[in-house]
Amino acid sequence: MQKEIGFITGRCCIYSGKLITLCGGEGAGKSTQAKKIFDFFQSENIPCILTKEPGGTKIGLMIRKILLSPENSDIYNKTELLLYLADRAEHFHKVIVPGLQNGKIVICDRFIDSTFVYQGEARGMDIDFINYVHKYILGDFLPDLTLVLDCRPKSGLERVDRDLACGTRTEDESRFDSEKISFHEKIRAGFLKLAEKNENARFYLIDAEKTVDNVFESIKSAIIEKGIIQN
Ligand SMILES: Nc1ncnc2c1ncn2[C@@H]1O[C@H](COP(=O)(O)OP(=O)(O)O)[C@@H](O)[C@H]1O
Ligand SMILES: [Mg+2]
């Protein structure tokens with residue numbers, strides 16, 4: 001794999017790994033597909049890490065518990081935003097950068113785009129501030145590939161309800177699930193807007209209503225097309 005020069009948190013940084021991020025609404029299949037990508041890379045002996053936000057570090061897990069617990073649904077929106085960003089700083093510094101420096105492909109379930117869409121688009125918070133803090137945490141760094149898993153909120157929420165009914169999705173993951181459908185529509189529109197603009201050519205829109213295996217085939221094509229791995 002080619003060495004690349006990146007510029008991370010204000011320092012010049014040499015890293016040879018790649019970052020793949022997954023985003024999309026609740027129940028779109030992000031965690032399912034992140035695991036499938038990880039299993040696929042492992043079966044091909046490609047060094048990789050599977051991680052997530054929030055909660056990809058010890059401190060991040062504590063933050064995740066606060067953020068996703070339904071009993072905290074009265075959280076002040078600025079507190080919520082700052083906690084997501086604190087989780088990101090910890091995770092980027094302790095997991096993503098070391099992984100990339102060790103030449104790994106880092107697969108991250110949610111990243112910066114979820115903040116743009118959930119806090120920026122849906123909650124109407126200050127995008128300039130979000131950009132400013134991201135610059136403070138990440139420098140000029142951006143993911144190599146961002147998979148936007150798109151499905152109708154109705155389909156995603158039905159999947160989530162099924163998981164809740166059979167106990168495979170825990171309450172601590174479900175705070176956003178109980179938001180009104182209009183909130184989920186805003187989330188979907190926000191991600192579609194990002195995919196359409198495709199800044200830095202890092203986005204890839206995936207139809208997440210297809211079967212799990214078909215979705216994964218589209219993801220594999222994106223990974224090859226973006227040169228993350230060779231065919
Ligand atoms: N393409 C798909 N078709 C049908 N069910 C799916 C699909 N992708 C995921 N699921 C199921 O939907 C539920 C939610 O998936 P999950 O990966 O947890 O979503 P997310 O992480 O985006 O919230 C899980 O039970 C999963 O098995
Ligand atoms: Mg998930």
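Colleague: What classes of residue make up the lining of the second largest pocket?
Modeller: Nine residues are nonpolar, six polar and eight charged. Nonpolar here means Ala, Val, Leu, Ile, Met, Phe, Trp, Tyr, Cys or Pro; charged means Asp, Glu, Lys or Arg; the others, Gly among them, are polar. This is a predicted model, where local features need pLDDT of at least 70 and side-chain atom pairs pLDDT 80 or more, while totals for chains, interfaces and linings use all residues. Residues count from 1 along each chain as its sequence is written, chains are lettered from A and ligands numbered from 1 in written order, and side-chain values use heavy atoms, without hydrogens and water.

Colleague: What makes a space a pocket, and what a cavity?
Modeller: Both are sets of points on a 1 Å grid over the protein atoms alone. A pocket is open, with protein on both sides within 12 Å along at least five of seven lines; in a cavity a 1.4 Å probe fits but cannot get out. Lining residues have an atom within 4 Å of a point.

Colleague: How much space lies in the second largest pocket, and which residues are closest to its centre?
Modeller: About 490 Å³. That volume is the space filled by probe spheres set on the points, which are joined across faces, edges and corners. Of its 23 lining residues, Phe-116, Asn-131, Leu-194, Glu-199 and Arg-202 are the closest to the centre. Helices H4 (112-122), H5 (127-138) and H7 (181-197) each give two or more residues to this lining. Helices are DSSP runs of H or I with at least four residues, strands are E runs of at least two, and numbering starts at the N terminus.

Colleague: How many cavities reach 30 Å³ or more?
Modeller: One. The largest cavity holds about 130 Å³. Its lining has 16 residues; Gly-24, Gly-25, Glu-26, Cys-151 and Arg-188 lie nearest the centre. H7 gives the largest share, four residues. By class, that lining has eight nonpolar, four polar and four charged residues.

Colleague: What puts a residue in the shell around ligand 1?
Modeller: One of its heavy atoms must lie within 4 Å of the ligand. 15 residues surround ligand 1, with Gly-27, Lys-30, Thr-32, Asp-163 and Lys-210 the closest. Helices H1 (30-43) and H6 (153-165) each supply at least two. H1 gives the most, three residues.

Colleague: Why are the pairs at Ala-28, Gly-29 and Arg-169 called polar contacts?
Modeller: A polar contact to the ligand is a pair of N or O atoms within 3.5 Å. A polar backbone atom of Ala-28 is 3.2 Å from a ligand oxygen, so the pair qualifies. Gly-29 uses a backbone N or O atom at 2.9 Å, so this pair qualifies too. Arg-169 brings a polar side-chain atom to 3.3 Å of a ligand oxygen, so it also passes. The protein covers 77% of the 560 Å² of accessible area that ligand 1 has on its own (Shrake-Rupley, 1.4 Å probe).

Colleague: Why does the radius of gyration agree with a compact globule?
Modeller: The rule is 2.2 Å times the number of residues to the power 0.38, over C-alpha atoms. For 231 residues a compact globule would come near 17 Å; the protein has 17 Å, so the two agree.

Colleague: What is unusual about the backbone at Pro-54 and Arg-110?
Modeller: A cis peptide bond joins Glu-53 and Pro-54, with omega about -10°. Arg-110 has a positive phi of about 75° although it is not a glycine. Arg-110 sits in the loop between strand E5 (105-109) and H4.

Technical notes:
A polar contact is a pair of N or O atoms within 3.5 Å; within protein, one must be able to donate a hydrogen and the other to accept it, and residues adjacent in sequence count only if both atoms are side-chain atoms.
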